[in-house]
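Biologist: Could you walk me through this one? I'd like to start with the charged side chains and then move on to strands and rings.

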Amino acid sequence: SFAPVGNPVSPGAFITLFGSNLAASTMTASSLPFPTVLGGVQVLVNNRPAPVYLIAPGQISFLIPNATETTGNATIVVVSNGTRSNEIQAPVSRTSPGVFSVPAAGLGPGAILKANFTLVSASNPARRGETVLIFLTGLGAAVPAVPDGAAAGANPLSLVTAAVNVYIGGESAQVNFKGLAP
């Protein structure tokens, strides 16, 4: 969601840090589960290695480890080729939902598909009563749990334990599935 500094993070949430000299080059994880070290760069959340998806000199995208306590603050540190960054504190909550966007820059239309897997857009709008798939992060714990950085399975599906409410145009929508995309 590219929420501003000070917004909470949650276990399993996909997070992007911005800064300088975070990595020597740009790299993206090429397989699942995401590694905890990518191109000599590691992110520690409360001293626990986090799965890293992307590193770049000015940006790192990673997942908050599932075992992160949901009270207080998380201490986040980047270790780049043995050099530790300053520590940052981020409040932690059970959930911190953020809808993915298209394109992935965090601004613009949501990553929302119709049931036939076509992208909802101005030229392909969703209609009242139609089922849509909303892709987001930060829903917190899921059962069965999925290892940090791994893909969720399809059988059984991993369901989110927190309540999920969806509002479209200010009106409550029926939630038929609240879980991890397999």
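Modeller: Gladly, and a definition comes first: a salt bridge here is a side-chain nitrogen of Lys or Arg within 4 Å of a carboxyl oxygen of Asp or Glu. Please keep in mind that this is a predicted model.

Biologist: Fine. How many salt bridges does a search of the whole structure find?

Modeller: The search finds two salt bridges. In one of them the side chains of E130 and K114 meet, with 3.6 Å from N to O, and this pair links distant parts of the chain, since E130 sits in the loop between β11 (112-114) and β12 (132-134) while K114 belongs to strand β11, 16 residues apart.

Biologist: Are E130 and K114 buried or exposed?

Modeller: E130 counts as partly exposed, at 33% relative accessibility, whereas K114 counts as buried, at 10%. The cut-off for buried is under 20% relative accessible area.

Biologist: And which residue forms a salt bridge with R128?

Modeller: That is E171, and the closest N and O atoms of R128 and E171 are 3.7 Å apart. R128 lies in the loop between β11 and β12 and E171 in strand β17 (residues 171-173), so this pair ties together parts that are 43 residues apart in sequence. R128 is exposed, with a relative accessible area of 77%, while E171 is partly exposed at 44%.

Biologist: Switching to strands, what is the order in the open sheet of four?

Modeller: The order is β1-β6-β5-β2, and the pairing is antiparallel. The edge strands are β1 (14-18) and β2 (27-28), each of which pairs on one side only. Between β1 and strand β6 (residues 59-63), which run antiparallel, there are five bridges, and in this pairing I15 stands opposite F62 in β6.

Biologist: What about S61, where is it and what does it touch?

Modeller: S61 has its place in strand β6, and it is buried, with a relative accessible area of 5%. Leaving out residues up to four places away in sequence, S61 touches F14, I15, T16, V52, Y53 and L54.

Biologist: F14 and Y53 caught my eye there. How do their rings sit?

Modeller: F14 and Y53 form a tilted aromatic pair, at 5.7 Å centre to centre and with 55 degrees between the planes. F14 lies in strand β1 and Y53 in strand β5 (residues 52-56), so the pair ties together parts that are 39 residues apart in sequence. Both rings belong to partly exposed residues, F14 at 25% relative accessibility and Y53 at 31%.

Biologist: Which geometry do F14 and F100 have?

Modeller: F14 and F100 form an edge-to-face pair, with 6.2 Å centre to centre and 70 degrees between the planes. This pair again links distant parts of the chain, with F14 in strand β1 and F100 in the loop between β10 (98-99) and β11, 86 residues apart. F100 is partly exposed, with a relative accessible area of 35%.

Biologist: So which residues do the ring pairs link into a cluster?

Modeller: The cluster consists of F14, F34, Y53 and F100, and the count of aromatic pairs comes to three.

Biologist: Last one: which residues make the nonpolar surface patch?

Modeller: L157, L159 and F177 make a nonpolar patch of about 250 Å² on the surface. Of these, L157 lies in the loop between β14 (142-143) and β15 (159-160), and at 35% relative accessibility L157 counts as partly exposed.

Technical notes
Residues numbered from 1 in each chain as written. Predicted model: local features only at pLDDT ≥ 70, side-chain atom pairs only at ≥ 80, totals over all residues. Heavy atoms only, no water. Pairing = 2+ DSSP bridges. Helix = DSSP H or I, 4+ residues; strand = E, 2+ residues; numbered from the N terminus. Buried < 20%, exposed > 50% of the residue type's maximum accessible area, 1.4 Å probe, protein only. Contact = heavy atoms within 4.5 Å. Patch = residues over 30% accessible without salt bridge, like charges linked within 9 Å, V, L, I, M, F, W, Y side chains within 5 Å. Areas by Shrake-Rupley, 256 points an atom, 1.4 Å probe, with all protein chains shown as cover. Phe/Tyr/Trp six-rings, centres within 6.5 Å; stacked < 30°, edge-to-face > 60°.
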